[in-house]
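This briefing goes with a structure. Please look through the sequence and the coordinates before reading on.

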Amino acid sequence: MSFFKKLFGGSEEEGQGKEQGQGLGDLIKQAKAMQEQFASQVQQGSQQNLDVSQLMAQATANMEALTGQTAEPRAQFVKKTNCHNCGGAKTLPPKTAYVYCDFCGSLTDYDFQKACENPQSMMPGPAYEQLIRDTNADAQLARETKDRDKFIEIQRRLFDRWIELCPNAVSPRAKRDENYRKQLVEYMAQTATVNEFDEKYQEFAAQVTKDTMGIKWQGMYPKMTAESSTFWPLYQTVKAQLEYSYGILKANGVLDLHPDQAPEDLQRRMTWSMFCQGWLPTLGPEDSERMIADAGLKGEYTRMEPVETTVRHCGGCGGEMHMLKGAKVMICEECGTKVDVGNPEVNCKNCAGMISFPVGVNRLQCPYCTSEAQRMSW
Ligand SMILES: [Zn+2]
Ligand SMILES: [Zn+2]
Ligand SMILES: [Zn+2]
């Protein structure tokens with residue numbers, strides 16, 4: 001298994017050990033780089049036409065086995081969640097892993113199973129790899145000279161581009177809401193920078209690399225699994241790293257920068273999810289279940305009951321939204337607009353189309369006919 005040795009043991013090679021210490025991006029990169037290389041190595045080695053999506057399909061299969069939902073379309077199931085902001089129970093099935101409250105539009109949960117449905121959404125491809133290469137030397141210099149400002153500037157560019165290239169890896173709100181997107185970039189860049197310039201965090205990162213190199217593999221592809229006894233030390237190190245990281249992020253006010261004002265526990269689960277998504281395909285069923293339970297990602301799913309809804313029309317994209325009785329604010333899952341559904345819809349004066357205005361917006365371009373539309377004054 002020399003390619004695995006090369007893959008996990010080759011810290012001298014670009015892409016692996018060198019890119020540690022990028023916080024949130026760190027985890028994504030570790031996991032995704034691992035999978036990409038895993039898949040491409042296997043492809044070369046065995047002539048089989050396997051790609052990353054097939055590899056990741058295993059992760060989905062694992063999730064299905066864990067939640068027992070293989071026989072039913074997933075849209076019929078809703079993960080049980082109550083809103084931390086208004087207490088509302090999640091009722092409508094979310095389209096993405098980002099679970100927004102049906103009543104107040106707050107981010108209330110992160111659905112790991114949903115995230116596993118679209119595993120490639122986090123892979124930015126060659127354009128991003130090029131940007132990483134282009135900025136690598138500057139980032140390295142900033143690291144060595146302890147130039148925080150320069151480092152964070154690079155991180156902002158990287159995350160901004162990453163969000164652009166992988167819109168499905170982040171909240172749908174980043175699609176259209178410029179302000180949201182800026183805040184998200186800032187949150188990610190600050191996270192990466194605080195972690196990067198913390199010595200103890202870097203010690204954890206070095207240990208993570210070491211533990212990753214220590215993974216022993218069993219079986220033959222596609223049934224390759226990480227040996228349990230070698231995986232758990234890595235898991236524990238990552239856990240300790242994550243705990244430590246959240247301590248310093250909190251102390252530096254970074255957690256308060258979250259663009260959805262997500263509670264700390266939710267932010268933590270979202271970070272965990274990235275690590276778990278990366279490793280799930282390489283674990284046996286018992287280890288998978290244990291990891292997901294330990295990371296707090298399992299959740300309880302209930303079949304969606306038929307509910308009465310009113311149709312609303314998103315002021316951002318014109319798409320239909322299904323509103324529950326009593327809802328005030330909803331996130332349009334198509335375009336990410338935060339829509340005011342507490343007030344009545346407005347007819348466009350030009351085309352008579354129905355519009356629910358975004359929160360805090362009083363005039364906009366009609367999503368159907370592009371003429372200017374105004375909120376009624378009453
Ligand atoms: Zn709510
Ligand atoms: Zn919309
Ligand atoms: Zn119109």
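What should the 16 residues of helix α10 (residues 264-279) span at 1.5 Å a residue, and how far apart are its end C-alpha atoms? The expected span is 22 Å (1.5 Å times one less than the number of residues), and the end C-alpha atoms of α10 are 23 Å apart, which agrees.

This is a predicted model, in which local features need pLDDT of at least 70, side-chain atom pairs count only at pLDDT 80 or more, and totals for chains, interfaces and linings use all residues. Residues are numbered from 1 along each chain as its sequence is written, while chains are lettered from A and ligands numbered from 1 in the order in which they are written.

**Overall**
- The protein has 11 helices and 14 strands, taken as DSSP runs (helices H or I, at least four residues; strands E, at least two) numbered from the N terminus.
- Of the 378 residues, 39% are buried, meaning that 20 or more other C-beta atoms, placed from the backbone, lie within 10 Å of the residue's own.
- Helix α10 is mostly covered, with 13 of its 16 residues buried.

**Helices α8 and α9**
- The axes (lines fitted to C-alpha atoms over the stretch in contact, with angles from 0 to 180 degrees between N-to-C directions) of α8 (residues 199-213) and α9 (residues 228-251) come within 9 Å and cross at roughly 165°.
- The two helices are therefore roughly antiparallel, the term for angles over 145 degrees.
- Residues of α8 including Phe-204 and Val-208 meet residues of α9, among them Leu-234 and Ile-248; contact requires C-beta atoms, placed from the backbone, within 7 Å.

Terms used. A residue is buried if 20 or more other C-beta atoms lie within 10 Å of its own, exposed if 12 or fewer, and partly exposed in between; C-beta atoms are placed from the backbone. Angles under 35 degrees count as roughly parallel, over 145 as roughly antiparallel, 65 to 115 as roughly perpendicular and the rest as oblique. Two residues are in contact if their C-beta atoms, placed from the backbone, lie within 7 Å.
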